[in-house]
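Hi there,

Here is the structure I promised to pass along. Please have a look at it first, and then read my notes underneath.

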Amino acid sequence: MNIEHFDDLLAMARRQREPQHLLMVFTTAECDADATPEQRAAHAAGKGGVLRPLMCVDKDPADLANFEALAAEARQAGPTWQLMFTAALVGRTTASEVKRMLELLVKRVESGEFGGLLPFNPAGEAVLIG
């Protein structure tokens, strides 16, 4: 199954035999303080910049109606975001394991290690990075 929208991922996670936790990091793109004029122009045009995590959350797929519900919750919880990175944690997990994995996910986003993560824009559409 191709994942073109967050709701595709949600449907896939719900069909799995093993319990699933969706881990999400919401980010914004900022212009680095020492950016060149060209980098600043690209950022102003909506390209480039440095991703900064704003907030993170884990969700059981059964607790999410759809992407719109998640987006509404994110709007209430924090600042405007530009990309959401998502990963799945499979199997029975403890709260401390989930917390540790969320912290690792935030660090991966901060360092630009996006392999295995699914990025989505504020419309819920999958984004290709690279």
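Below is a short tour of what turned up, from the overall fold to the cysteines.

Please keep in mind that this is a predicted model. The chain holds four helices and four strands, and from the N terminus they are arranged as α-β-α-β-α-β-α-β. With a radius of gyration of 15 Å, close to the 14 Å that the globule rule gives for 130 residues, the chain is as compact as a globular protein of that length. If you are setting up a box, the C-alpha trace spans about 50 × 30 × 30 Å along its principal axes.

How much of the chain is buried? Of the 130 residues, 32% are buried. Taking contacts between residues at least 6 apart in sequence, 73% join residues at least 24 apart.

On the surface side, about 7,900 Å² is exposed, and carbon and sulfur atoms supply 51% of that area. As for charge, there are 13 positive and 18 negative side chains. The centres of these two sets lie 4 Å apart.

Finally, the cysteines. How many disulfides does a search of the whole structure find? The search finds zero. For context, a disulfide is a covalent bond between the sulfur atoms of two cysteines. Cys31 has a relative accessible area of 26%, so it counts as partly exposed. Cys56 is partly exposed too, at 38% relative accessibility.

Happy to talk it through whenever suits you.

Best wishes

Conventions. Residues are numbered from 1 along each chain as its sequence is written. This is a predicted model: local features need pLDDT of at least 70, side-chain atom pairs count only at pLDDT 80 or more; totals for chains, interfaces and linings use all residues. Side-chain values use heavy atoms; hydrogens and water are left out. Helices (H or I, at least four residues) and strands (E, at least two) are DSSP runs, numbered from the N terminus. The radius of gyration is taken over C-alpha atoms; the globule rule is 2.2 Å times the number of residues to the power 0.38. Buried means under 20% relative accessible area, exposed over 50%, partly exposed in between (1.4 Å probe, protein chains only). Contact means heavy atoms within 4.5 Å. Accessible areas come from the Shrake-Rupley method with a 1.4 Å probe; for residues, only the protein chains shown count as cover. Lys and Arg count as positive and Asp and Glu as negative; His and the chain ends are not counted. The place of a charge is taken as NZ of Lys, CZ of Arg, CG of Asp or CD of Glu. A disulfide is a pair of cysteine sulfur atoms within 2.5 Å.
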